[in-house]
Amino acid sequence: MASTTSSPNGTSPNGTSPHGIIGRPVSRIDGPLKTTGAAQYAADFHLTGTVHAVPVQATVGNGTIRSLDVSAARSMPGVLDVLHHGNIERIYRAVPNDPSATVSETRPPFEDNRIYYWGQYVALVVAETLEQATAAAAAVQVEYSAETPSVNGELEPFAGKWHTVSSRGKVDDAFAAAAVQVDQTYVTPVETHNPIELHSTVASWVGDSVTFYESTQGVVNHRNAMAQILGVPRENVTVVTRFLGSGFGGKLFPWSHCALAAVASRRLQRPVKLVVTRTMMFSNVGHRPLTEQRFRIAASADGKLVALRQDALNHTSMVDDFDEGCGEATPYLYSVPNLTVTSALVQRNVGSPAPMRGPGAVPGLFAMESAMDELAVALKMDPVELRLKNDATIDESNGQKFSSRHLRECLETGSAKFGWSRRTPGVGSMRRDGKVLGWGMAAASWGAYRFGCSTTVELGADGKARARCATQDVGTGLYTIFAQVLSEKTGLPFERIEVLLGDTTMPEGPLSGGSWSTATVLPAVAGAADNAIASLLQIAASTPGTPLNGVDAKTLRLTEGRIHRSTDAPAQGVPFESVLAAARLNGVSGDSTSGSAFEDPKTKALSMHSFGAQFVEVEWEPEIARLRVSRVVTVIDAGRIINPRAGANQIKGAVVMGVGMALLEETVYDPRNGQPINGNLADYLMATSPDCPEIDVTFLDYPDYALNSYGARGIGEIGLAGVAPAIASAVYHATGVRVRKLPVRIEDLLQSEIREA
Amino acid sequence: MQSFSYSKAQSVDQAAAAGGRFIGGGTTLVDLMKQGVETPKMLVDITGLPLSSVETQPDGGLLIGAMVRNSDLAHHETIKAQYAVLSQALLSGASPQLRNMATTGGNLLQRTRCPYFRDTSYSNCNKRNPGSGCAAIGGHNRMMAILGTSADCIATHPSDMAVAMTALEATVHVEGAKGKRAITIADFYKLPGTAPNVENALEPGELIAHVTLPAPRKGSKQVYLKLRDRASYEFALTSAAVVAETSGGHIRFVRVALGGVGTRPWRAHEAETVLMGKPATAAHFRAAAEAALKDAKPQSENGFKVELAKRCIVRALTTATA
């Protein structure tokens with residue numbers, strides 16, 4: 001995969017980055033641990049006395065358990081316990097709508113004998129070895145009263161209640177009166193999160209306290225939820241996630257297996273390890289729900305939007321109301337006087353959906369940007385020009401100013417880098433090397449958020465700086481963000497910096513989701529470092545026998561790890577660790593807590609979002625219906641990029657995920673029993689290395705100082721937004737086939753009237 | 001727990017007499033044992049047998065040992081130069097890691113990817129439980145076969161290698177209690193009919209020792225074309241292996257075999273009949289493709305395979321006669 005990265009507007013935040021570590025493309029500090037296998041993921045914790053738990057899954061998608069016979073399983077070698085609805089001790093529900101303790105499923109495991117979806121856990125076998133537990137799980141005999149599950153992939157006709165998400169003007173009248181109209185329905189399929197690290201829990205009770213070694217995107221939330229579910233005080237629960245093999249949203253909140261492992265450990269008073277299998281990942285730990293969205297979009301003859309209406313359905317489980325939020329980006333992306341967004345949920349016999357990278361906006365933008373492309377075709381207008389013509393200067397959904405919006409520059413820069421001016425609009429009109437080319441594009445957006453965060457920074461007598469925070473690095477580079485700030489503040493090289501994350505005994509940090517981690521942790525770690533340094537300088541100014549004793553602390557600085565007078569060069573100062581040693585201190589620390597943007601008067605009045613533009617080329621061989629994405633140019637306006645190397649890596653990964661979303665991924669349910677029938681990595685198709693296009697990533701790098709003093713927003717999801725509609729539009733340009741139901745399949749492409757290149 | 005014994009055979013005779021399931025690279029068998037689909041009581045490891053050579057025969061043909069790894073075979077100089085269709089087919093299959101393990105004999109015995117065969121929670125699978133029915137019929141069937149199916153089984157044969165060997169008219173050499181037998185690849189694979197559990201001509205205890213390929217046809221061109229949703233690591237939606245020789249713009253020799261569409265590696269005799277002696281033109285290629293698929297019986301989700309297979313044949317013939 002060829003790729004390039006650039007940041008044309010790169011500036012140093014606040015002009016205070018002594019050796020430019022902020023904004024520098026640095027390698028991730030945890031890289032060596034991962035490449036050598038030394039990084040410990042949840043399932044890598046092998047505690048003395050560990051036993052293994054294996055769930056038994058329902059083989060019907062709807063019904064009740066008529067009988068459950070564990071006698072054979074119970075008597076098998078090594079089996080210690082078999083849990084099920086008939087013998088489970090009390091596990092509580094988590095408090096509804098408590099934002100500090102969110103769970104993925106309202107219904108705790110084994111609450112009753114009802115089966116709501118195929119694969120639901122009906123029993124848990126615990127044995128000395130994994131093999132013994134697996135064998136005994138297969139020996140549990142369950143009989144069901146089964147009914148046909150509802151896994152229908154069509155959500156209309158829908159007769160239930162719609163909820164209005166956003167509304168202005170008179171959309172239906174304006175649509176009816178408009179010169180040019182598009183009225184189409186777009187469908188995105190169920191997609192399954194497939195992080196390579198399986199969901200894993202190691203639960204260990206000692207006395208009345210429990211420690212979880214978890215694969216979670218939120219150690220603090222996990223602790224709080226588990227305390228409620230297990231009925232113990234928060235201080236009796238510790239959650240550790242040193243490294244995560246990614247989650248994509250599927251590991252944000254606890255699933256049933258976490259509580260089951262803990263209950264088993266409490267009963268047996270031994271550590272219990274439970275690793276969810278890949279097959280279970282397709283039924284029991286979330287998915288992006290099926291969406292079906294009708295878009296009505298209308299413009300004047302010269303391409304000015306006059307009406308935009310989105311009615312979005314998504315499926316949910318029988319026991320949880322999961323709103324995908326497909327209207328996320330619709331109300332503010334373009335200028336349009338008449339707009340209505342509504343949504344509703346349709347129940348199906350599936351496990352609870354979960355947020356998946358770019359929830360709401362990503363499927364929502366597939367529909368809206370596909371509709372915009374159809375509108376451009378109907379107007380005989382260039383699709384980039386259509387977006388530029390309808391660019392918004394304020395957030396028209398609430399009248400707020402944008403904190404920083406450069407969608408226009410994303411479109412123009414992307415257009416120039418891609419060579420869009422060479423595009424000829426006719427279907428199948430572009431050829432190269434015996435193939436038809438299709439060029440498509442789409443705009444992208446994702447929210448910008450900052451939550452509360454506490455961090456401690458310590459300067460040690462060993463000459464090292466350390467940060468501690470109960471957040472977690474999901475594999476994207478958060479450890480390195482902390483290290484960059486510590487290096488900026490102290491002047492120490494990475495070799496003398498340690499970052500400790502993923503442990504609830506540390507100060508509370510954020511959940512890793514919504515692209516908010518970087519924006520959230522920056523103020524806290526910077527503040528804690530400043531406070532630690534201030535204490536250090538006071539000690540330097542008041543420790544007898546050291547060179548700076550008696551100097552006014554206000555005139556002292558810490559540079560390159562040395563304390564010196566502001567008027568002197570760092571080399572004339574003293575190493576900070578020597579001052580600590582002379583003061584007989586092990587170290588000095590500073591704490592800082594930063595607040596949420598939702599409670600900040602400065603940010604509450606602003607509309608804060610990231611923006612982007614995706615330009616895509618597909619190569620189409622009509623003779624054999626072979627279509628591949630060959631080239632993607634992506635331009636991202638996500639504030640100041642703290643580490644462009646890790647940042648570009650995230651964007652490229654998201655683009656590849658977009659290729660999968662557009663062309664490959666779909667979880668298929670057998671209509672007879674509701675089983676995800678392609679639940680493995682051979683039959684559920686994701687992009688492989690040869691499917692990766694050439695990717696050109698550009699960060700505009702305009703700092704958004706409303707969000708934090710570094711001007712950073714976030715980049716976890718924006719790279720995926722807009723990729724699928726840009727590909728679908730390129731497919732139309734190449735083949736003349738408009739695919740409104742993802743993924744684009746060979747079945748669709750065979751309908752093309754272009755039969756040879 | 002399903003326990004089994006394991007022994008390593010020192011000779012072909014010893015292996016054949018052992019009475020267990022043979023294990024080579026294990027890329028199919030171990031997978032299916034984990035799924036509970038295969039439950040052998042005894043595994044006989046045959047990777048130590050002296051069946052790992054590729055040798056040119058006195059008649060100009062090639063003898064391939066059953067233990068030759070797929071990677072080694074694909075990159076063997078003689079295979080690349082004289083049996084290119086086989087090298088291409090091997091390299092289009094699985095992943096490098098799997099090809100490094102998988103053996104020639106094991107690949108021939110590779111079992112279907114039908115999800116209902118691979119999941120023992122479905123009791124109705126005529127391959128696993130003869131007479132129990134077929135869960136795939138009426139289920140998710142996009143990847144299923146459209147040629148050679150029966151009312152009892154619609155599972156697709158998964159191998160790419162065997163499709164190329166079918167076009168090359170390979171012979172499978174087996175050894176067992178009754179001595180040595182040579183079976184043409186056409187006779188080796190069975191249609192499912194009313195007994196989908198019987199997939200090939202092997203008798204109990206018989207071991208594949210070698211595969212022989214006839215001498216390469218001078219002047220022929222060979223092509224393996226595989227069509228699938230993604231660019232790598234996916235079983236074929238449809239594939240075509242073509243060996244063709246033209247002179248004066250006419251087709252003098254042609255062999256066509258199809259993958260991804262049949263319940264066994266599919267020799268398209270009808271296509272060959274249409275083509276023999278005819279000018280190598282697009283119209284004849286399309287007529288050959290129509291003939292090859294005239295008996296296709298698609299399921300509810302895989303009707304597209306009929307047209308896709310035709311286009312695959314046309315493109316492979318076009319390339320092989322260019």
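Reader: How many cavities of 30 Å³ or more does a search of the whole structure find?
Author: It finds 10 of them. Keep in mind that this is a predicted model.

Reader: How do you even look for empty space?
Author: You roll a probe the size of a water molecule over the atoms, and that shows where space is left empty.

Reader: OK. How much space lies in the largest cavity?
Author: About 430 Å³.

Reader: And how many residues line the largest cavity?
Author: The lining has 28 residues. Nearest the centre are D683(A), H140(B), R142(B), M143(B) and E234(B).

Reader: How does that lining divide into nonpolar, polar and charged?
Author: For the largest cavity, 12 lining residues are nonpolar, 8 are polar and 8 are charged.

Reader: What volume does the second largest cavity have?
Author: The second largest cavity has about 160 Å³. It is lined by 21 residues. K127(B), H157(B), K190(B), E199(B) and T263(B) are the closest to its centre.

Reader: What classes are in the lining of that second largest cavity?
Author: That lining has 10 nonpolar, 6 polar and 5 charged residues.

Reader: Let's switch to the chains. How many residues of chain B are in contact with chain A?
Author: On the chain B side, 30 residues. They are in contact with 33 residues of chain A.

Reader: How do people put a size on an interface?
Author: Often as the accessible area that is lost when the parts come together.

Reader: So what area do chain B and chain A bury between them?
Author: About 2800 Å². Of that, 53% is on carbon and sulfur atoms.

Reader: Which residues in chain B lose the most area to chain A?
Author: M1(B), R230(B) and R311(B). Together they make up 26% of what the chain B side buries.

Reader: How many salt bridges are there between chain B and chain A?
Author: The count is 5. One salt bridge between the chains joins the side chains of D683(A) and R113(B), at 3.2 Å from N to O. D683(A) also came up earlier, among the residues nearest the centre of the largest cavity.

Reader: Why would side chains pair like that?
Author: Side chains of opposite charge can pair when their charged atoms come close.

Reader: And how many residue pairs are in polar contact between the two chains?
Author: There are 18 such pairs between chain B and chain A, with both residues at pLDDT 80 or more.

Reader: Which elements of chain B give two or more residues to the side that touches chain A?
Author: Two elements of chain B do, β9 (221–227) and α12 (304–320). α12(B) gives the most, with 5 residues.

Reader: What's the class split on that side?
Author: The side of chain B that touches chain A has 13 nonpolar, 5 polar and 12 charged residues.

Reader: Back to salt bridges. How many are there over all chains?
Author: The whole structure has 69. One of them is within chain A, where E617(A) pairs with R432(A) and the closest N and O atoms are 2.8 Å apart.

Reader: Where do E617(A) and R432(A) sit in the chain?
Author: E617(A) is in strand β28 (residues 609–621), and R432(A) is in strand β18 (residues 430–432). They are 185 residues apart, so-called distant parts of the chain.

Reader: New topic, the backbone. Which peptide bond into P157(A) is cis?
Author: The one from E156(A), with omega near 0°. P157(A) is in the loop between β7 (141–146) and β8 (163–168) of chain A.

Reader: What about L742(A) and P743(A), cis or trans?
Author: Cis, with omega about -5°. P743(A) lies in the loop between α17 (723–735) and α18 (746–749) of chain A.

Methods:
Residues are numbered from 1 along each chain as its sequence is written. Chains are lettered from A and ligands numbered from 1 in the order in which they are written. This is a predicted model: local features need pLDDT of at least 70, side-chain atom pairs count only at pLDDT 80 or more; totals for chains, interfaces and linings use all residues. Side-chain values use heavy atoms; hydrogens and water are left out. On a 1 Å grid over the protein atoms alone, a cavity is a set of points where a 1.4 Å probe fits but cannot get out, and a pocket is an open set with protein on both sides within 12 Å along at least five of seven lines; lining residues have an atom within 4 Å of a point. Grid points are joined across faces, edges and corners, and a volume is the space filled by probe spheres set on the points. Ala, Val, Leu, Ile, Met, Phe, Trp, Tyr, Cys and Pro count as nonpolar, Asp, Glu, Lys and Arg as charged, and the others, Gly among them, as polar. Contact means heavy atoms within 4.5 Å. Buried area is the accessible area (1.4 Å probe) that two parts lose on being put together, summed over both. A salt bridge is a side-chain nitrogen of Lys or Arg within 4 Å of a carboxyl oxygen of Asp or Glu. A polar contact is a pair of N or O atoms within 3.5 Å; within protein, one must be able to donate a hydrogen and the other to accept it, and residues adjacent in sequence count only if both atoms are side-chain atoms. Helices (H or I, at least four residues) and strands (E, at least two) are DSSP runs, numbered from the N terminus.
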